[in-house]
Amino acid sequence: MAKYWQIFVSSFTDYGNYLFREVLNPGWGNYFYWLIGLSLFFWLLEIVKPWRAQQAILRKDFWLDGFYMFFNFFLFSLIGFNAISNIGVEAFNDFLSLFGITNLVAFEVQSWPVWAQLLTLFIVRDFIQWNVHRLLHRSEFLWRFHKVHHSVQQMGFAAHLRFHWGETIVYRTIEYIPLAMIGFGIQDFFLVHILATSIGHFNHSNINVPLGPLRYLFNNPQMHIWHHARYMPRRYGANYGISLSVWDYLFGTAYMPEDGRDIALGFDDVEQYPESFVNQQLHPFLNNRSNGELGITQEEVKHLEKV
Ligand SMILES: [Zn+2]
Ligand SMILES: [Zn+2]
């Protein structure tokens, strides 16, 4: 037990020291400044050449989402996730060792060139996340957490990181075993994280950059806005892609019936949804069984009956 307590305490202090170092030392290998730089980059594009020209530069919930960005990228790790995940990993390894399993690796890719390992991680992780995202829409329990992300009513780059911390736990937990089964020879996946963050910011930005045929490979604002559509013709939604759109095209979950520039976003009772960070964090835990559970609403049923 002392071992777990030790891990718990050092997770906080290690992460605190790490974040402190990041803020004090700007550089190309620094997450903190990459997040700021990417945000300024996409914000500038939104200002110079917006897709929805009438949308305010400081759109609805701009500052709330700005806070979410730093909370989910840094603070959540600082105040809890690091500790929970380090203990989880240790406990899981201890559990496996009861059965004499000391190594989960099933695929050795460590002899591959670094770029091939990074590309493998990027694709495999994105596919796992596409599946987790579908699950977030299909499970009534998980949808309550994922609703935070879908409560965005005006879309902009910072909406990317508006999500409940519970999602971080679900994604990381489900990712853990398949990724641990691949024996990577490198520890530093900085490039993959920055690439995924860039594409995530891009998908949510109020910009229109025609990708040509690349749109069948990469997710983009014109596709992802339909994922946030207030009214969907399908019970569990569509366009679950995170970085890559190709999974939706391959598995028949792509949906872009027309230009989605001005469609209503959110869900049926979104006006009743809490507007503050604290209340949005608490909302999934409260007993508030509204019509919006399971991703389909009374209004959507009426809408479906019409089509
Ligand atoms: Zn979603
Ligand atoms: Zn989104």
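This section describes the fold, the zinc site, the nonpolar cores and the salt bridges of a predicted model.

The chain contains 11 helices and two strands, and from the N terminus on its elements run in the order α-α-α-β-α-α-α-β-α-α-α-α-α. Of the 307 residues of the chain, 47% count as buried. Among the contacts with a sequence separation of 6 or more, 76% are made by residues 24 or more positions apart. The chain exposes about 15900 Å², and carbon and sulfur atoms supply 66% of that area.

The zinc ion (ligand 1) has as its protein donors the NE2 atoms of H133, H137, H146, H150 and H227, which lie 2.0 to 2.2 Å from the ion. Along the chain these donors follow the spacing H-x3-H-x8-H-x3-H-x76-H. H146 and H150 both belong to helix 5 (residues 140–150), and because they are four residues apart in that helix, about one helical turn separates them. Both H146 and H150 are buried.

In soluble globular proteins, nonpolar side chains tend to be buried together. In the present model the largest nonpolar core has 22 residues, and those with the most contacts inside it are L121, F184, F189 and V192. Two or more residues each are given to this core by helix 4 (114–138), helix 6 (165–180), helix 7 (190–204) and helix 9 (246–250), with helix 4 giving the most, namely seven residues. When its neighbours within four places in sequence are left aside, L121 is in contact with D126, L179, F184, F189 and V192. Apart from this core lies another, of 19 residues, which includes L19, F73, F74 and F190.

Nonpolar side chains also appear at the surface, where L44, I47, V48, I57, L58 and W63 make a nonpolar patch of about 650 Å². Helix 2 (residues 31–48) gives the most to the patch, with three residues. I47 lies in helix 2 and, with a relative accessible area of 36%, is partly exposed.

The count of salt bridges comes to eight. In one of them K60 pairs with E275, the closest N and O atoms being 3.1 Å apart. Because K60 lies in the loop between helix 2 and helix 3 (62–98), whereas E275 lies in the loop between helix 9 and helix 10 (277–282), this pair ties together parts that are 215 residues apart in sequence. K60 counts as partly exposed, at 30% relative accessibility, while E275 is exposed, with a relative accessible area of 54%.

A further salt bridge joins the side chains of D61 and R162, with an N to O distance of 2.7 Å. D61 is placed in the loop between helix 2 and helix 3 and R162 in the loop between helix 5 and helix 6, so this pair ties together parts that are 101 residues apart in sequence. D61 and R162 are both buried.

The salt bridge between E271 and R230 brings the closest N and O atoms to 2.9 Å apart. Since E271 lies in the loop between helix 9 and helix 10 and R230 in the loop between helix 8 (221–227) and helix 9, the parts tied together by this pair are 41 residues apart in sequence. E271 is partly exposed, with a relative accessible area of 46%, whereas R230, at 11% relative accessibility, counts as buried. Through salt bridges that share partners, R59, K60, D61, D65, R162 and E275 are joined into one network.

Two residues other than glycine with positive phi values may also be noted. D61, which lies in the loop between helix 2 and helix 3, has a phi near 70°; D61 is also a partner of R162 in the salt bridge described above. For N239, phi is near 55°. N239 is found in the loop between helix 8 and helix 9 and is buried, with a relative accessible area of 1%.

Terms used: Residues are numbered from 1 along each chain as its sequence is written. Chains are lettered from A and ligands numbered from 1 in the order in which they are written. This is a predicted model: local features need pLDDT of at least 70, side-chain atom pairs count only at pLDDT 80 or more; totals for chains, interfaces and linings use all residues. Side-chain values use heavy atoms; hydrogens and water are left out. Donors are N, O and S atoms within 2.8 Å of the metal (3.2 Å for Na, K and Ca); water is not among the atoms, so sites may look incomplete. Buried means under 20% relative accessible area, exposed over 50%, partly exposed in between (1.4 Å probe, protein chains only). A nonpolar core is a set of buried Ala, Val, Leu, Ile, Met, Phe, Trp, Tyr and Cys residues joined through side-chain atoms within 4.5 Å. Contact means heavy atoms within 4.5 Å. Patches are made of residues with over 30% relative accessible area and no salt bridge: like charges are joined within 9 Å, nonpolar side chains (Val, Leu, Ile, Met, Phe, Trp, Tyr) within 5 Å. Accessible areas come from the Shrake-Rupley method with a 1.4 Å probe; for residues, only the protein chains shown count as cover. A salt bridge is a side-chain nitrogen of Lys or Arg within 4 Å of a carboxyl oxygen of Asp or Glu.
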